[in-house]
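Open your viewer, switch to a cartoon view, and get ready to click along. We will go stop by stop, and at each one you will get something to select.

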Amino acid sequence: MQENQNEELINDPSSKDVETRVVEYSMHEHIQPIQQIRDKLMVFYELTQVDAELADIEEEKGDLPHLIKKLQDNVKDYKTHIDQYEKLIAKLDKEEQELTKENKKCEEIISKYDEQKYDVKSNKEYDDIVKSIDSNFVIVEKNEKRIKEIISEIEDHSTKSENYKKKFEEETNELEESQSKLDELNKQYEEEEKELNEKRKELLKQLEEDKQNLYNRINNSYKGEAIAIVRKENCSGCFNSIPPQRVIEIRSAQKIFTCQSCGRILIDDSLVNSESE
Ligand SMILES: [Zn+2]
């Protein structure tokens, strides 16, 4: 690549060394007629349009994969909480049933002894029966206190569990909607993306390797905005003004220029408009 030695530096937006930037790209200027430069600029322009559409598709899907992941995590988390509360409630339910059963037994013993205590044959027998009645009362009282606690605990857990169930249901629905939306987008854009990528490949083929690299490098920094239009002496990419002499040079399209401020490839408004007419 002997001719490269005289090539002026390409303005690279990723380059940190701003001072050494030369905003001119003119590798083949001495052998390329103006029309050829115009054609290249139009290829750049078309490429930008293709890349802008691809960027739009990406943006359209953009948030969905992230949102779906977040919803999946949330739903899983809610389910864990719900299961924990359900287990606790089931355990408390069982405890309550056992205590109720025990109380029923105690009450049966108490009423049986209540009848028997008048048929006793000795004071000792009477005392034993009364003692037994009392101890059963103590058990019943203790159990009733615990049953009250259990009811309150179950209520508390149920409220919390219900809240998680509500969230679970809401976000499960949202998750299903987002997932089908993404599936739909993937399906919808599959063809379009394929076509755009093929078109992109065809356009890139019309450019020399160094121009492909120039374009791709700028496009990596400004997805779908590698080209800026010069309008009223301003760069449409960064809105910085361009010196009048440079505007004339850009309009004559004898070289490829990039913006001194943002690094985008510059194309004159008139060139784009004359093409589209
Ligand atoms: Zn600019």
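Start with helix H2, residues 123-205. Select Ile 150, Ile 154, Ser 161, Ser 178 and Leu 203: these are the buried residues of H2. Keep in mind as you look around that this is a predicted model.

**Along helix H2**

Now pick the C-alpha atoms at the two ends of H2; they are 116 Å apart. Does that agree with what a helix of 83 residues should span, or disagree? At 1.5 Å a residue, H2 should span 123 Å, so the distance agrees.

Next, click Tyr 189, where H2 bends by about 40°.

Then select Glu 169, also in helix H2. Is Glu 169 buried or exposed? Glu 169 counts as exposed because it has 12 C-beta neighbours inside 10 Å; the cut-off for exposed is 12 or fewer. Add Val 75 to your selection: Glu 169 and Val 75 are 94 residues apart in sequence, but their C-alpha atoms are 8.4 Å apart in space.

**Zooming out**

Show the whole protein again. Its secondary structure comes to 5 helices and 4 strands, and along the sequence they follow the pattern α-α-α-β-β-α-β-β-α. Of its 277 residues, 17% count as buried. Among the contacts with a separation of 6 or more, 73% are between residues 24 or more positions apart.

**The sheet**

Colour the strands. In what order do the 4 strands form the sheet? The order is E2-E1-E4-E3, in an open sheet with mixed pairing. Strand E2 (234-235) and E3 stand at the edges with a single partner strand each, so one side of each is left without a neighbour in the sheet.

Walk across the sheet one pair at a time:

- Select E1 and E2, which pair in the antiparallel sense over 2 bridges. Find Val 230, which stands opposite Cys 235 in E2.
- Move to strand E1 (residues 227-231) and E4, which pair in the parallel sense over 4 bridges. Here Ile 227 has Ile 265 in E4 as its bridge partner.
- Finish with strand E3 (residues 257-258) and E4, an antiparallel pair with 2 bridges. Look for Thr 258 opposite Ile 265 in E4.

E3 and E4 also form a hairpin, with 6 residues between them. Click Gly 263 in the turn, which has a positive phi of about 90°.

**Strand E4 and the core**

Stay with strand E4, residues 265-268. Which residues of E4 are on each side? Ile 265 and Ile 267 are on one side, Leu 266 and Asp 268 are on the other, and all of them are buried, so both faces of the strand are covered.

Now select Phe 44, Val 230, Cys 235, Ile 265, Leu 266 and Ile 267. In the largest nonpolar core, which has 25 residues, these have the most contacts. The elements giving two or more residues to this core are helix H1 (34-116), helix H3 (209-221), E1, helix H4 (244-252) and E4. Which of them gives the largest share? That is H1, with 5 residues.

For a last stop, select Leu 266 and show its surroundings. Leaving out residues up to four places away in sequence, Leu 266 touches Ala 228, Val 230, Cys 235, Ile 250, Phe 257, Thr 258 and Cys 259.

Notes:
Residues numbered from 1 in each chain as written. Predicted model: local features only at pLDDT ≥ 70, side-chain atom pairs only at ≥ 80, totals over all residues. Buried ≥ 20, exposed ≤ 12 C-beta atoms within 10 Å, placed from the backbone. Contact = placed C-beta atoms within 7 Å. Pairing = 2+ DSSP bridges. Core = buried A, V, L, I, M, F, W, Y, C linked by C-beta atoms within 7 Å. Expected span 1.5 Å × (residues − 1). Bend = angle between axes of the 7 residues up to and from the residue.
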